[in-house]
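Open the structure in your viewer and keep the selection tool at hand. Each stop below tells you what to select and what is there.

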Amino acid sequence: MRILALFLSLAVSVAAVAVPDFSGEDGYKLWQRYDVFNAALPAGSLNVVGDSDTTHIIRDEFRRAFGNRVSEKQGTLIVQQLNNELAARFKLGDNVSAQLSDEGFIIKSLGDDMLISAKTDIGLLYGSYHLLRMVFTQQSLDTVNVLQNPKIKRRVLNHWDDLDRHTERGYAGESIFDWHRLPVDKDQRYYDYARANASIGINGMVPLNVNANALILTPMYLQKVKALADIVRPYGIKMYLSIKFSSPQQLDGLPTSDPLDPAVQQWWQAKAAEIYQLIPDFGGFLVKANSEGQPGPGDYDRTHADGANMLAKALKPYKGVVFWRAFVYANDAEKERSLQAFDEFVPLDGEFMDNVIVQVKNGPIDFQPREPFSPLFGATPNTPLAMELQITQEYLGFSTHLAYLGTLFEEAMDADTHAKGPGSTVAKVVDGSLFNHQLTGIAGVANTGMQRNWTGHIFAQSNWYAFGRLAWDHTLSAEHIANEWIKQTLTVEPDAVAQIEAMMMPSREYIVEYMTPLGLHHLMDSGHHYGPGPWVDNLGRADWNPVYYHRADKQGIGIDRTAAGTNAVSQYAPYWQERFAQPQSTPKELLLWFHHLPWDYTMPNGETLWNELVRYYYRGVEGVTDMQSRWQQVKPYIDANQFRQVDMALQIQMQEAKWWRDASVLYFQTFSERPIPDGLPKPEGSLDYYQSLTFPYAPGQG
Ligand code: BDP
């Protein structure tokens, strides 16, 4: 009897433990699943004309998407470079060629036939991916008439990966670039990476960290770079390299790396010749100089323009460009940190060669959950500026927090600098239209790694996707892009799409709320930036410490950047100077960015600042609860493996959101000495406990 009973209870408990489902979609295919539903080629047959690597890729892509499925229509889908006969037959108009850039495309239907055409095979590839997007997002294909050119020319992923495959600020496993096995081992991931990028219009890559390693310019490593460049070329992607400014000394023992020294200039010219010998379409250099300990022209009392121009001169014969980063803050400066890039670069406006583009982070500090736009945008009419966005979530919860950054990127693009009156948006600075620049660029700090799903979180894929789509066309809305991504990645079921959109659209705001509401910033724990550390005050430089940024005291909280304080407001156009000067006219989201305000300051809704601040922290956590419940509701429409991954990440996010809320509220309470407003639950741990936590092995450290 007893033995039987034991057996029975075992049987019951085994049956109750559900075996997790690891089969199905693991996320590897990104937004190129093609099996969310079975679509058919929108024609009876396909005719891709051409015999280049790129046209082979196009055929392969249609085969992956449709297999042998064709529509009942009799017509043909023709993919062919533009010629007069095609233009006449499809009634494209006389000046169609003049309307297309080298990367642009047209898609036009005529009766049952459809044409994808362009001036180059890369244009055909972009057109093909666009048609696939139309099919898989279920747009009508009855009468198609599309002509598109990218609005920004150089759309580049910046990987912060190291030669040993560690990724600085990478949260998805080790680097996808295996330098040890290159150039021989051409991993499939490289091809899939290139396909994914091409499908969203990314046309440049910097495979290695801005905190550069001189070794990459040695002959051995350049062979590896060449192998990668050869793989990505047919996908329209150019290779760029981050370089170490001191390379002439480090690699060849020159006594100096002074940009005005003729031997140094010659060294770079010879290096450029060597690179172009191997990679004829090499894009150019990305440079972090005189920033956070990196060498640069400042080491020799030369300016950023001196340094950039030396490199630009070396690249010029081959049409290469220099992306020179404006993320600088001098090592010993007394000046408030947000002021420094502007003060260094505005005086140099007009001094850069015409193949230099200055790369500016979207905000004046450093990829915070929310920042105002960098005042450099609009302040350098004679210098083309590229915008640098961060796709990897260094300050937005790493890869376990669901943060759709399409909304952040949109906010950054649409910010109106007022540099030439209303409508002078950052997007118009970046796409060259505001100050009439031909050299245009945008960079996204990549979030890729070796995890099967590439980005560590299924939803983090949407940020890579959104970056590419916005880089191609910054007039697309974040909502439209989210909708596209969901349909190609997760489900086309309309109710589920709506639910998931309702998760994504406010998701970044939830993070702002539970980490840094009302314009607070840089409160992450030091070094790794994981979790809250608003109390940190012991780092080597004042401006590395969170206390530098929130300045909480018994009176109030926030940093005064008005004329009475650091006067950062003076770097903006008069329109913004006026608004930022007073708390009442400062957008609420940026209140404590620009002002130090008393705890009892009356907010527009009549609440005290303290109460409002605390409520935001709680609201952010409620947002995560909302995302969790929506995710449960869409379960029937989502692949089990994808579902499970996101479900677990949301659980981690929930724990960490509460941790952020409780630690922050308890800490600020030591200054405000006010109670948590009625009706809100009390924090779960004590401040001492939160302050005692350490994370020596947090991923992605610098
Ligand atoms: C900071 C990162 C650091 C980067 C730096 C940069 O913490 O790892 O090297 O930006 O952009 O946000 O150079």
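In which helix does threonine 625 lie? Select threonine 625 and follow the chain to either side: the residue lies in helix 20. Keep in mind throughout that this is a predicted model. Threonine 625 is partly exposed, because its relative accessible area is 39%, and partly exposed covers the range between 20% and 50%. Now add isoleucine 652 to the selection. The two residues are 27 apart along the chain, and 12 Å separates their C-alpha atoms.

**Two packed helices**

Two packed helices are described by the angle between their axes and the distance between the axes. Select residues 609-633 for helix 20 and residues 640-672 for helix 21. Their axes are 10 Å apart and meet at an angle of about 170°. Helix 20 is therefore roughly antiparallel to helix 21, since angles over 145 degrees count that way. Sorted by class, the residues in the contact of helix 20 with helix 21 are 17 nonpolar, nine polar and four charged.

**Aromatic rings**

Next, show the aromatic side chains. How many aromatic pairs does a search of the whole structure find? The search finds 45. Select tyrosine 240 and phenylalanine 323 as one example: their ring centres are 5.7 Å apart and their planes lie at 75°, so this pair is edge-to-face. The cut-off for that label is an angle over 60 degrees. Tyrosine 240 belongs to strand 8 (residues 238-242) and phenylalanine 323 to strand 10 (residues 321-325), so the pair links distant parts of the chain, 83 residues apart. Are these two residues buried or exposed? Tyrosine 240 is buried at a relative accessible area of 1%, and phenylalanine 323 is buried at 2%.

For a group of rings, select Tyr28, Trp31, Phe177, Trp179, Tyr190, Tyr193, Trp454, Trp464 and Tyr465; ring pairs link them into a cluster.

**Charges over rings**

Select arginine 337 together with tyrosine 329. The charged end of arginine 337 sits over the tyrosine 329 ring, 3.9 Å from the ring centre. Then select lysine 361 and phenylalanine 327. Here lysine 361 lies over the face of phenylalanine 327, and the distance to the ring centre is 3.3 Å.

**Two enclosed helices**

Select helix 15, residues 478-489. From its first C-alpha to its last, helix 15 reaches 16 Å, close to the 16 Å expected for its 12 residues at 1.5 Å a residue. Nine of the 12 residues are buried, so helix 15 is largely enclosed by the rest of the structure. Among the buried residues of helix 15 are Glu484, Trp485 and Lys487.

Move to helix 10, residues 304-315. Its 12 residues should span 16 Å at 1.5 Å a residue, and the 17 Å between its end C-alpha atoms agrees with that. How many of the 12 residues of helix 10 are buried? The number is 10, so helix 10 is largely enclosed by the rest of the structure. The buried residues include His304, Gly307, Asn309 and Met310.

**Backbone details in the loops**

Select leucine 182 and proline 183. The peptide bond from leucine 182 to proline 183 is cis, with omega near 5°. Proline 183 is in the loop between strand 6 (154-158) and helix 6 (188-199).

Asparagine 290 is the next stop, in the loop between strand 9 (284-287) and helix 10. Its phi is near 50°, a positive value in a residue other than glycine. Lysine 319 also has a positive phi, about 65°, although it is not a glycine. Look for lysine 319 in the loop between helix 10 and strand 10. Lysine 319 counts as exposed, because its relative accessibility is 71% and the cut-off is over 50%.

**Two buried leucines**

Select leucine 132 in helix 5 (residues 121-136). Leucine 132 counts as buried at 2% relative accessibility. Glutamate 336 is 204 residues away along the chain, and the C-alpha atoms of the two are separated by 49 Å.

Finish with leucine 389 in strand 12 (residues 385-390). Leucine 389 is buried, with a relative accessible area of 1%. Between its C-alpha atom and that of threonine 475, 86 residues apart along the chain, the separation is 17 Å.

Technical notes: Residues are numbered from 1 along each chain as its sequence is written. This is a predicted model: local features need pLDDT of at least 70, side-chain atom pairs count only at pLDDT 80 or more; totals for chains, interfaces and linings use all residues. Side-chain values use heavy atoms; hydrogens and water are left out. Rings of Phe, Tyr and Trp (its six-membered ring) pair if their centres lie within 6.5 Å; planes under 30 degrees apart count as stacked, over 60 as edge-to-face and the rest as tilted. Helices (H or I, at least four residues) and strands (E, at least two) are DSSP runs, numbered from the N terminus. Buried means under 20% relative accessible area, exposed over 50%, partly exposed in between (1.4 Å probe, protein chains only). A charge sits over a ring if NZ of Lys or CZ of Arg is within 6 Å of the ring centre and within 35 degrees of the ring normal. Axes are lines fitted to C-alpha atoms, for helices over the stretch in contact, and angles run from 0 to 180 degrees between N-to-C directions. Angles under 35 degrees count as roughly parallel, over 145 as roughly antiparallel, 65 to 115 as roughly perpendicular and the rest as oblique. Ala, Val, Leu, Ile, Met, Phe, Trp, Tyr, Cys and Pro count as nonpolar, Asp, Glu, Lys and Arg as charged, and the others, Gly among them, as polar. The expected span of a helix is 1.5 Å times one less than its number of residues.
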